[in-house]
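Work through the exercises below with the sequence and the structure side by side, and try each task before reading its solution.

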Amino acid sequence: MTPTTTTRARVPVTVITGFLGAGKTTLLRHVLANAKGRRIAIVVNEFGTLGIDGDTLRACGVEGCRDEDIVELTNGCLCCTVADDFLPTMESLLDRASPPDHIVIETSGLALPKPLLKAFGWPTIRTRMTVDGVVTVVDGPAVAAGRFADDPEEVARQQAADPSLDHDNPLAEVYEDQLLSADLVVLNKSDLMTAQQADAVEAAIRAEIPRAVKVVRATDGQVDPAVLLGLDAAAEDDLAARPSHHDAEGGEHEHDDFESFVLAIPEQGSVDGFIDRLKTLAEQHDILRMKGYACVQGKPMRLAVQGVGSRFRHQFDRPLASDAPRTGDLVVIGQKGMDQSAIAHALAQV
């Protein structure tokens, strides 16, 4: 007997996580460009008050990628603002006349995925959506360079000098928590590593995760959406298999180890001079991430800039309005204690 009514299947949700600059937004643009008619809603969360990634996605030029399907949350890291931001946003997407076929959440680069996964047990959404999978994007060259690893000799030296020192590496903790929640790991920027480096990073990733998780290598986030979407992991029901450094703390997570600020950027004299100055600042102040936009003298288009450590990419991405001010904005993210005034002074130069 054929039923007269059917129960709509729960909407699948993919969580894309990964440290600052790993390539999450680039991966997401590739997904949107290859959606093949599937209605995908995007929730973008950024650490800081200025949203760059959502603007980048809106400028992607992909047919069918509507502005209303990109929701931006910049009031704090999602893992810390679940009740205030995440739940109302998800409920509003589900309550649309034509709800999405799939929802993709791009977390902040400093987010821990596990508190977010726990939110899917909330009664108002548990019966309406499921976590199809957690995709962790890894910046291969950064891992190969030891960005998230301790220097054992330096740690030993510090502890010998001060036996009471409680060693803590906040970068490593965030990176490891993102790996431990993964259902799929995308080893990104493989083109910037040798084969030996890529093999070593992949081996380290597999050693870190205590379960069988697929690792795929990618360049510029070029991964078939069929690989990313449809993992059917139901991650919200599998939390015990996803350990976290913060489990013993009741899942509490603070970002006191990191800080972010936004700087107004005057019109620049040249692209090369601007990028060189950014690279120098990144090295001098150990800046983790810089991203934003600038105007360049004589150029009618906006210059988009993305930096991870001292590695930068830039392109002119869209025309500037003739009456628009010739200024830009740059988000700077680093560990607590950065000399913000020195960075601001250097970037105020043309």
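## Exercise 1: Charged pairs

In this predicted model, the side chains of R39 and D101 form a salt bridge, with N and O 3.3 Å apart.

**Task.** Where do R39 and D101 lie, and how far apart in sequence are the parts that the pair ties together?

**Solution.** Begin by placing each partner: R39 sits in the loop between α1 (24-33) and β2 (40-45), while D101 sits in the loop between α3 (82-94) and β4 (102-106), so the salt bridge ties together parts that are 62 residues apart in sequence. Next, consider the cover of each residue, for which buried means under 20% relative accessible area and exposed means over 50%. R39 has a relative accessible area of 37% and is therefore partly exposed, and D101, at 31%, is likewise partly exposed because its value falls in between those limits.

**Task.** Are D139 and K189, which also form a salt bridge, buried or exposed?

**Solution.** The closest N and O atoms of D139 and K189 are 3.1 Å apart. D139 belongs to strand β5 (residues 129-139), and K189 to the loop between β6 (184-188) and α9 (195-208), so that the pair links distant parts of the chain, 50 residues apart. Both D139 and K189 are buried.

**Task.** What separates E202 from R206 along helix α9?

**Solution.** The side chains of E202 and R206 meet in a salt bridge of 2.8 Å from N to O. Because the two residues are four residues apart in helix α9, about one helical turn separates them. Their cover can then be read from the percentages: E202 counts as buried at 14% relative accessibility, whereas R206, with 42%, is partly exposed.

To complete the picture, the protein holds 16 salt bridges, and D183, R211, D238 and R242 are linked in a network of such bridges.

## Exercise 2: A five-strand sheet

**Task.** Which strands form the edges of the open sheet of five strands, and what is the order of its strands?

**Solution.** The order is β8-β12-β9-β10-β11, with antiparallel pairing. The edges are β8 and β11 (311-319), each of which pairs on one side only. On average, and with direction ignored, neighbouring strands of this sheet are turned by 15° against each other.

Now turn to β12 and its two partners. Strand β8 (residues 258-265) is joined to β12 by eight bridges, with L263 standing opposite L330 and E259 opposite G334. Strand β9 (residues 289-294) is joined to β12 by five bridges, and Y293 has D329 as its bridge partner. As for cover, six of the eight residues of β12 (residues 328-335) are buried. Finally, helix α11 (residues 271-285) lies across β8, β9, β10 (301-308), β11 and β12, and runs at about 140° to β11.

## Exercise 3: A serine in a loop

**Task.** Which residues does S244 touch, not counting residues up to four places away in sequence?

**Solution.** S244 is found in the loop between α10 (225-228) and β8, and its relative accessibility of 15% means that S244 counts as buried. With those sequence neighbours left out, S244 touches K114 and D177. The side chains of S244 and D177 are also joined by a polar contact of 2.6 Å.

Terms used: Residues numbered from 1 in each chain as written. Predicted model: local features only at pLDDT ≥ 70, side-chain atom pairs only at ≥ 80, totals over all residues. Heavy atoms only, no water. Buried < 20%, exposed > 50% of the residue type's maximum accessible area, 1.4 Å probe, protein only. Pairing = 2+ DSSP bridges. Polar contact = N/O pair within 3.5 Å; in protein donor to acceptor, adjacent residues only side chain to side chain. Contact = heavy atoms within 4.5 Å. Axes fitted to C-alpha atoms, helices over the stretch in contact; angles between N-to-C directions. Salt bridge = Lys/Arg side-chain N within 4 Å of Asp/Glu carboxyl O.
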